[in-house]
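Thanks for coming. I will go through a handful of places in one model, and the chain is on the screen for anyone who wants to follow along.

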Amino acid sequence: MSKVNFEHLFEPLQVGPMTVPNRICETTNTINSSMTPGRLDEHFIAHHGAKARGGTGWIGSETWLLNLPFPPETPDEIGLGVGFGSHFATYQDPGFAGDMAKFCEEIHQYGSVAVVQLTHLNAVWAPSPVPIIGAQDYTPHVMGEEEIEFCLNTYADAAEVAKKAGADGIEIHCAHETLGYSFLSPVTNRREDKWGGGPQERVRFVLEALKRVRERVGDSMALGIRISGAEFRHQGYDNMELREMLYCIGEAGLLDFVDIDAGHCWGAPSYVPNSYYAHAQFREFGKAAMVDLAEMEPRPAVLFTGRCNDPVLAEELLRDGICDLVGMVRAGIADPEFGNKAREGRLGEIRRCISCTRCIDEASEPVTVPYTPTCSINPVIGNELLWQEKFQAAETAKRVVVVGGGLAGCEAARVAAMRGHHVTLLDQGKRLGGQLLIAAKAPGRDDFEDQCYFEENEMTRVGVDVRLETSADLDNIKALAPDAVVIATGSVPRMPEDIPGIDLPHVVQGWDVMQGKATTGDRVAIISQEDYYETPCVAEYLTERGKQVEVFHKSVHLGYEIARYSIGMVLKHMEQCGVTIHPNLILTSVTPDGFELASSWGDMTYQQQGFDSVVLVYGSVAKHKLYDELKADGSIGELYLAGSAWLPRHMAEATRHGASIGLAI
């Protein structure tokens with residue numbers, strides 16, 4: 001591919017005293033990359049350092065939670081999903097400061113800048129007794145003057161630590177669930193003293209925090225804020241009110257930059273926008289800030305973030321005057337090297353983020369501590385040090401046959417070929433992609449096909465012999481004389497066997513509907529036995545085709561396993577599509593003119609009639625017959641079972657499993 005001429009993306013920018021080498025920014029995110037709680041360990045440095053090495057000019061890494069004035073007799077309260085804070089913050093630990101110095105050295109060796117975000121995540125502290133976020137229902141403690149004074153000073157204290165560690169910039173977090181946000185919002189700030197009032201008065205807390213940081217670090221560091229372009233909350237501030245507040249803050253002459261996003265953390269829109277959102281959907285917020293701050297001297301730089309996953313899109317935003325800098329966190333998670341690839345004209349090699357949001361969604365509600373970061377399509381994420389150790393040329397080039405061109409099969413083939421093996425990939429379909437090709441048919445999921453394009457491009461680049469529309473059996477696999485075989489044949493929809501009438505002709509599978517293999521009547525009942533995205537995708541696919549859809553779901557609400565940054569938009573789409581959802585129900589029988597359901601929790605049963613079709617969404621069952629036959633035959637020296645053919649789960653598990661096999665062969 002010929003080199004692309006990016007006129008703006010790779011131009012340096014002066015932001016206060018720091019020179020950002022290009023316009024690509026890793027805005028601060030909480031992916032929980034450190035495996036050592038309270039420290040910035042080698043995993044943390046490897047994860048974020050890879051982005052600097054890969055061409056990202058601004059590294060925001062992960063937020064610094066600040067200490068709060070809890071009464072001395074209370075225990076620390078650290079909420080993993082809705083961070084509360086504690087008596088003692090990690091920035092106060094000398095060991096943490098040493099970690100940060102090592103991190104800054106790593107970032108600087110690639111010419112990038114390190115920006116530290118300072119955050120009071122706020123669920124139990126607020127200017128007024130109004131719940132801060134929808135993720136919990138605490139009525140917070142109302143802050144007094146001494147407590148406000150304490151919190152303001154923590155920004156300056158932490159900024160001093162960041163300066164000594166070698167950081168280049170400080171960002172005070174004033175968006176969504178933070179303390180700064182709660183003072184800016186007319187919903188959560190109803191005070192009648194100097195900290196409350198109209199838009200020009202509610203900025204006092206933010207201004208005071210900026211002043212104290214500036215007094216402590218002087219002009220040696222860039223100073224800015226992160227702020228939401230609109231609150232998207234009943235009676236919250238809209239963009240016009242935000243513009244008034246931002247102008248007042250900018251007029252004080254303390255800002256070197258403003259980082260603007262959109263949305264909040266518990267519903268729709270989310271400030272971590274998934275694939276249901278248009279690319280850079282709220283870009284007008286960045287444009288408005290550019291206009292409003294234009295006459296200030298020097299003008300604060302405007303950083304816009306909000307589903308910008310492609311360097312060409314970033315170039316367009318810069319060209320059109322939307323912003324000076326582009327936040328591209330998940331683009332750099334999906335492919336830390338995307339900046340270098342874009343600059344070198346290797347656009348076809350970029351693994352583009354598909355905006356599934358699992359990376360940030362899951363990290364916001366970790367099941368375990370320490371937590372291992374996850375990306376659905378990049379197997380290296382969370383395993384950077386392991387890949388540095390294990391990824392190397394194979395000692396002996398082997399003949400490898402991979403059966404199945406889904407995520408697991410493609411990643412096994414790609415990694416094995418990159419290590420020097422001779423790989424043949426067999427797939428019965430017309431294209432690579434497996435279940436991704438089905439998912440991409442759902443409204444708002446078309447970006448999933450980007451990963452199919454990536455795998456197709458990679459197969460060509462690394463020299464995999466891809467044979468499509470090819471059925472694999474014991475004989476034709478053995479005819480290829482492989483040294484190793486990977487069976488990645490995926491899974492098939494689960495069909496319950498103990499339900500009377502389940503085999504009636506008007507009962508069909510959701511997968512078949514999505515692929516055009518089955519049709520439905522106008523009034524459709526979806527019977528859902530899965531808690532992730534499959535049911536809403538099938539439902540929206542049908543409503544887009546004019547069907548009336550009702551979902552009968554096993555759990556307390558649809559999408560029970562979808563985390564807080566994404567569930568709001570999923571349920572909003574169901575409302576917009578007119579989908580009716582009936583929770584806590586399990587199918588027990590089907591007749592030609594109706595079906596029976598039982599309560600998930602009790603003994604009640606319910607009858608339904610009037611539906612033309614019943615669509616089953618029951619998850620899937622591993623398809624491993626070929627593996628079993630090869631294992632019984634015993635003629636293959638190395639035999640592997642990969643991805644959903646071993647255990648049907650989600651994309652990340654298939655990607656990692658396949659890539660791990662590619663490393664092991």
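Gln-451 lies in helix H16, residues 449-462. Helices here are DSSP runs of H or I of at least four residues, strands are E runs of at least two, and both are numbered from the N terminus. This is a predicted model, so local features need pLDDT of at least 70 and side-chain atom pairs count only at pLDDT 80 or more, while totals for chains, interfaces and linings use all residues. Residues are numbered from 1 along each chain as its sequence is written, and side-chain values use heavy atoms, with hydrogens and water left out.

Is Gln-451 buried or exposed? Gln-451 is buried, at a relative accessible area of 0%. The cut-offs are under 20% relative accessible area for buried, over 50% for exposed, and partly exposed in between, with a 1.4 Å probe and protein chains only. Not counting residues up to four places away in sequence, Gln-451 touches Arg-351, Ile-354, Ile-377, Leu-407, Glu-411 and Leu-436. Contact means heavy atoms within 4.5 Å.

Ile-354 comes up again with Ser-275. Ser-275 sits in the loop between strand E11 (257-261) and helix H8, and counts as buried at 5% relative accessibility. Leaving aside neighbours within four places in sequence, Ser-275 is in contact with Arg-307, Ile-354, Ser-355, Gly-444, Arg-445 and Phe-448. Of these, Arg-445 is 170 residues from Ser-275 in sequence, and their C-alpha atoms are 6.0 Å apart.

A further buried residue is His-48, in helix H1, residues 42-53. His-48 has a relative accessibility of 0%. Outside four places in sequence, its contacts are Glu-26, Asn-29, Ile-31, Ser-33, Ile-59, Ser-61, Glu-62, Phe-103 and Ile-107.

Next, a helix pair. Two packed helices are described by the angle between their axes and the distance between the axes. For H7 (residues 239-251) and H8 (residues 283-292), the axes come within 10 Å and cross at roughly 35°. Axes are lines fitted to C-alpha atoms, for helices over the stretch in contact, and angles run from 0 to 180 degrees between N-to-C directions. The crossing of H7 and H8 is right-handed; that is, the near helix is turned clockwise from the far one by less than a right angle, and anticlockwise would be left-handed. H7 contributes Asn-239, Arg-243, Leu-246 and Tyr-247 to the contact, and H8 contributes Phe-285, Ala-288, Ala-289 and Asp-292. By class, that is five nonpolar, one polar and two charged residues. Here Ala, Val, Leu, Ile, Met, Phe, Trp, Tyr, Cys and Pro count as nonpolar, Asp, Glu, Lys and Arg as charged, and the others, Gly among them, as polar.

Now the backbone. Most residues other than glycine have a negative phi, and most peptide bonds are trans. The peptide bond from Glu-297 to Pro-298 is cis, with omega near -5°, and Pro-298 is in the loop between H8 and strand E12 (301-305). Gln-235, in the loop between strand E10 (222-228) and H7, has a positive phi of about 70°. Gln-235 is exposed, at 57%. Glu-469, in the loop between strand E16 (465-467) and H17, has a phi near 50°. Glu-469 is exposed as well, at 59% relative accessibility.

Which residues of helix H21, residues 625-633, are buried? They are Leu-626, Tyr-627 and Leu-630. These cover an arc of only 100° around the axis, so they are on the same side of H21; the arc is that of the directions from the helix axis to the C-beta atoms. The face turned away from the buried side carries the exposed residues Lys-625, Lys-631 and Ala-632. The cover over the buried residues includes strand E14 (399-403), helix H17 (474-478), strand E17 (484-487) and strand E28 (638-641). After H21 comes Gly-634, with a positive phi near 75°.

Just one more loop, between helix H13 (384-390) and E14, where Gln-392 is found. Gln-392 is partly exposed, at 47%. Its C-alpha atom is separated by 8.3 Å from that of Leu-663, 271 residues apart along the chain.

Last, the record. An unreviewed UniProt entry annotates residues 399-509 as "domain: FAD/NAD(P)-binding"; positions are in the numbering used here, feature names are shortened, and annotations may be inferred rather than shown by experiment. Over residues 399-509 the chain is 32% helix and 21% strand, with the end C-alpha atoms 38 Å apart.
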